[in-house]
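Notebook, charge pairs. I want to list the salt bridges and then check how exposed their partners are.

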Amino acid sequence: GSESWEVVEEPRARGSPGQQPQRHEGYLLKKRKWPLKGWHKRYFVLENGILKYSTTRQDVLKGKLHGAIDVRQSVMSVNKKAQRVDLDTEDNIYHLKVPLRGWSRDGTGLGTSGRVLSNSLCPRSRPRSCSPAG
């Protein structure tokens, strides 16, 4: 239910002042309404507060993007039990979650890149609201 969701107050509070944020990348699932409604695997790159995504890493590197989200200007809600992050940009709401166990390369069920990327979206000041369960 809605009691599992927590709004992250300051998603830009990561790292030290003046320190360049790290680049994170990996696969997450993105929910689509139309066409082909459901969860679709997408490759995401978070760099300088912008979350870019496409079908594959190669597409992102070539600039063939499906979209880009300014995380710094978005309202972020986290549901750690469902391993989901929602980003509200006012124009759209993006629903993301950590990939299924079958896509993991490290045996944990989350996949190293997906876990690092989803954790990097969340501020260190609120780790309980952001860390995937498991």
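My entries on the charged pairs follow.

Entry 1, ground rules. I am working on a predicted model, where local features need pLDDT of at least 70, side-chain atom pairs count only at pLDDT 80 or more, and totals for chains, interfaces and linings use all residues. Residues are numbered from 1 along each chain as its sequence is written, and side-chain values use heavy atoms, with hydrogens and water left out.

Entry 2, search. How many salt bridges does the whole structure hold? I found five. I counted a salt bridge when a side-chain nitrogen of Lys or Arg lies within 4 Å of a carboxyl oxygen of Asp or Glu. Side chains of opposite charge can pair when their charged atoms come close.

Entry 3, R23. I looked up its partners. R23 bridges to E25 at 3.0 Å, N to O. R23 also bridges to E47, at 3.0 Å, N to O. E47 sits in strand β3 (residues 38–47) and R23 in the loop between β1 (6–8) and β2 (24–32), so this pair ties together parts 24 residues apart in sequence. I took strands as DSSP runs (E, at least two residues), numbered from the N terminus.

Entry 4, network. Which residues are linked? I noted R23, E25, E47 and R57 in a network of salt bridges.

Entry 5, exposure. My classes are buried under 20% relative accessible area, exposed over 50%, and partly exposed in between (1.4 Å probe, protein chains only). R23 is partly exposed at 36%. E47 is partly exposed at 27%.

Entry 6, D86 and R84. I logged a salt bridge here, with the closest N and O atoms 3.2 Å apart. Are the partners buried or exposed? D86 is buried at 12%, and R84 is buried at 17%.

Definitions and conventions
Helix = DSSP H or I, 4+ residues; strand = E, 2+ residues; numbered from the N terminus.
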